[in-house]
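Visitor: I would like a short tour of this model, with the terms explained as they come up. Please begin once the structure is on display.

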Amino acid sequence: MEDSIEVILQDYGGDLHTNRTNPVLSACTGALLAGLYGVWRLFTMPGFRKIPRSLKVPYLPSSKQQTLNTMKLLEGRTGRLADLGSGDGRLVFAASSAGFQCTGFEINSILVAYTRSKALWTGVPSGRATFVKKDFWKTDLSSYDNVTAFLAPGVMEVLGEKLLKELPDDARVIACRFPFPDWPHRSSVGSGLDQTFSYDIGTVRSHLRNVS
Ligand SMILES: C[S@@+](CC[C@H](N)C(=O)[O-])C[C@H]1O[C@@H](n2cnc3c(N)ncnc32)[C@H](O)[C@@H]1O
């Protein structure tokens with residue numbers, strides 16, 4: 001004969017009781033995860049309070065291959081270079097040893113302190129690599145001949161508008177991993193996550209004039 005629902009529930013009673021998660025354990029796990037998230041934010045996103053949510057980009061270092069791809073796309077170029085969000089300085093150090101006069105704009109003060117000390121230890125002259133704790137959205141980039149950016153897909157359109165307003169026609173822009181929507185690229189190197197794109201501002205301007 002089949003058991004009635006009451007009998008089944010009675011039989012389950014003990015099991016249900018023992019399977020209930022321990023509230024102290026849940027609270028500790030929650031607190032640990034919140035703490036880890038806090039530490040992660042402390043290191044990856046300090047200084048971001050004044051930046052609109054849609055423009056926040058956390059720290060993620062570019063791979064060795066991405067750095068090599070960026071340098072390849074800068075071959076034959078000289079002059080001043082701005083790295084937008086310089087992180088631990090890897091792109092700035094690579095570009096400064098190739099002869100560029102680099103400025104790394106970085107909002108995270110821990111990373112700025114790290115890159116400044118690294119420049120000191122390794123004896124990179126300040127005329128070759130300078131690290132500035134500054135929001136690049138609020139920085140006039142018109143004096144730069146080259147700009148590199150490894151940011152996030154959601155900010156590339158707005159960044160494109162800013163660069164088109166400020167950069168001279170002969171400037172070159174390198175976008176790591178995330179291309180500018182609607183900009184024709186001059187060339188690209190690598191594939192997948194390491195793909196890197198180069199743009200000449202004069203060409204982008206005339207293309208956009210022709211399509212509008
Ligand atoms: C994806 S990481 C790239 C780091 C470095 N360029 C590299 O290739 O390894 C982006 C960096 O941009 C910084 N950043 C984000 N928004 C910024 C802003 N508005 N001004 C300056 N730095 C910013 C972040 O703190 C982070 O270090």
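Visitor: Which residues does serine 96 touch, not counting residues up to four places away in sequence?
Guide: This is a predicted model, in which local features need pLDDT of at least 70, side-chain atom pairs count only at pLDDT 80 or more, and totals for chains, interfaces and linings use all residues. Residues are numbered from 1 along each chain as its sequence is written. Two residues are in contact if their C-beta atoms, placed from the backbone, lie within 7 Å. With residues up to four places away left out, serine 96 touches Cys102, Val124, Arg128 and Ala129.

Visitor: Is serine 96 buried or exposed?
Guide: A residue is buried if 20 or more other C-beta atoms lie within 10 Å of its own, exposed if 12 or fewer, and partly exposed in between, with C-beta atoms placed from the backbone. Serine 96 has 21 other C-beta atoms within 10 Å, so it is buried.

Visitor: In which helix does serine 96 lie?
Guide: Helices (H or I, at least four residues) and strands (E, at least two) are DSSP runs, numbered from the N terminus. One helix covers residues 90-97 and, like strand S2 (101-106), supplies at least two residues of the shell around the ligand. Serine 96 lies in that helix, H4.

Visitor: Which residues come nearest to the ligand?
Guide: A residue is near a molecule or strand if its C-beta atom, placed from the backbone, lies within 6 Å of it. There are 22 residues around the ligand, and those that come nearest are Tyr59, Ser62, Gly85, Gly87 and Ile107.

Visitor: On which side of H5 are its buried residues?
Guide: Helix H5 spans residues 109-121, and its buried residues are Leu111, Val112, Thr115 and Ala119. They cover an arc of only 100° around the axis (the arc of the directions from the helix axis to the C-beta atoms), which puts them on the same side of H5.

Visitor: Which exposed residues does the face of H5 turned away from its buried side carry?
Guide: The buried residues of H5 pack against S2 and strand S3 (129-133). The face turned away from that buried side carries the exposed residues Ser109, Ser117, Leu120 and Trp121.

Visitor: How many bridges join strand S5 to S7?
Guide: Two strands pair if DSSP finds at least two bridges between them. S6 (residues 187-189) and S7 pair in the antiparallel sense over 3 bridges, with serine 188 opposite phenylalanine 197. S5 (residues 172-176) and S7 also run antiparallel, and the number of bridges joining them is 5.

Visitor: Which residue in S7 is the bridge partner of valine 173?
Guide: Strand S7 covers residues 196-200, and 4 of its 5 residues are buried. The S7 bridge partner of valine 173 is tyrosine 199.

Visitor: Why does tyrosine 199 count as buried?
Guide: Tyrosine 199 is found in strand S7 and touches residues including Phe180, Trp183 and Val204. Tyrosine 199 is buried because the number of other C-beta atoms within 10 Å is 26.

Visitor: What share of the residues in the protein chain is buried?
Guide: The protein chain has 7 helices and 7 strands. Of its contacts with a separation of 6 or more, 64% are between residues 24 or more positions apart. The chain has 212 residues, and the buried share is 30%.

Methods: The expected span of a helix is 1.5 Å times one less than its number of residues.
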